[in-house]
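Here's a quick look at the aromatic rings and the nonpolar core. Take a look at the model first, then read on.

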Amino acid sequence: MTLWPPAAQADVRRCVTASGQTIFTDRKCAEVDAVERLPRAEAPYGAALRRAGGCARTLQDLVFEMTSAIDGRDANRLAAVYHWPGTSAESGYRIWTRLDAIANRPLVDIVPVTPASRPSPEPTPDAGSTRNDASETARVDPPVDPELYPQTAIRRNPVALRVEQTLANGATPARTVFGLTHYFGCWWIRF
C-alpha cells in the first residue's frame with residue numbers, strides 16, 4: 001500500500017490566438033480565447049526522396065529536412081542544411097553546439113517568417129500648388145481583402161524560419177529564428 005498520492009500530470013496545450021500568437025497552457029484553448037493547433041502530420045514513406053540533387057531545392061524540402069532532423073534528434077542532419085561557407089573553426093564549434101541543442105529539443109512547429117508589410121505612403125499635396133484640380137490628386141484605392149479576392153493578395157516570400165520547441169521539461173517554450181540563404185540553387189539556414 002502506497003501512502004503517497006500519484007503524481008499529477010498536466011497536459012500542455014499549444015494554442016494560437018486570433019492575432020497568431022502562440023500560447024502554451026495547461027488550460028483549454030477556449031479558456032484563453034485561442035484555438036488549438038492540430039499536430040503535424042507524419043511525412044509519408046519515401047518523402048525524403050524529394051531531395052533530388054543532395055540539397056533542399058524548395059523551402060518545403062528545407063522545412064521537411066529540418067523537421068526530420070529535429071524529430072530524429074539528428075544534429076548531423078540539421079547541420080547538413082546549415083549554410084557553412086565562410087565560417088571559421090571557432091564559429092563553427094559555437095554553431096554546432098547550438099544546432100545540437102536545437103536537435104535535442106522536442107519540436108512543436110516550424111513557421112515561415114515573412115517581411116512586415118509597409119503601408120503605402122499617403123499622397124501629399126504640393127505645397128507650392130494653388131490649383132485644386134481633382135484630376136491632379138492621387139487616388140488611393142482601399143485595401144483589398146485577401147479573403148474575398150485571394151488572387152490580388154500580395155505574396156511575400158519568407159525571409160526566415162522560426163522553430164518553435166519546448167525545453168526538456170515539455171512545458172517551457174523555446175524559439176529559434178533561422179535566416180534563409182539561397183545559394184547555388186539550394187535553400188540553407190543560418191543564424
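## Rings and core

Tyr183 is partly exposed, with a relative accessible area of 35%. Keep in mind that this is a predicted model. Phe184 is out in the open, at a relative accessible area of 71%. The rings of these two, Tyr183 and Phe184, make an edge-to-face pair, because their planes sit at 70 degrees and their centres are 4.7 Å apart.

How many aromatic pairs are there by this rule? The count comes to four. Among them is Tyr82 with Phe191, a tilted pair. This one links distant parts of the chain: Tyr82 belongs to the loop between H2 and H3, while Phe191 lies in the segment after strand E7 (186-190), 109 residues apart. Tyr82 counts as buried, with 6% relative accessibility, whereas Phe191 is partly exposed at 31%.

Here are two of the pairs side by side:

| Pair | Centre to centre | Angle between planes | Type |
|---|---|---|---|
| Tyr82 and Phe191 | 5.7 Å | 40 degrees | tilted |
| Tyr183 and Phe184 | 4.7 Å | 70 degrees | edge-to-face |

Tyr82 and Phe191 also join Trp84 and Phe178 in one aromatic cluster. On top of that, the charged end of Arg98 sits over the Phe191 ring, 3.7 Å from its centre.

Now for the core. The largest nonpolar core holds 21 residues, and Leu62, Met66, Leu78 and Ile189 have the most contacts inside it. Elements that each supply at least two of its residues include helix H1 (59-71), helix H3 (89-103) and strand E6 (173-183). Leaving out residues up to four places away in sequence, Ile189 touches Leu62, Met66 and Leu78, and its other contacts include Tyr82 and Phe178.

Notes: Residues numbered from 1 in each chain as written. Predicted model: local features only at pLDDT ≥ 70, side-chain atom pairs only at ≥ 80, totals over all residues. Heavy atoms only, no water. Core = buried A, V, L, I, M, F, W, Y, C linked by side-chain atoms within 4.5 Å. Buried < 20%, exposed > 50% of the residue type's maximum accessible area, 1.4 Å probe, protein only. Helix = DSSP H or I, 4+ residues; strand = E, 2+ residues; numbered from the N terminus. Contact = heavy atoms within 4.5 Å. Phe/Tyr/Trp six-rings, centres within 6.5 Å; stacked < 30°, edge-to-face > 60°. Lys NZ or Arg CZ within 6 Å of the ring centre and 35° of its normal.
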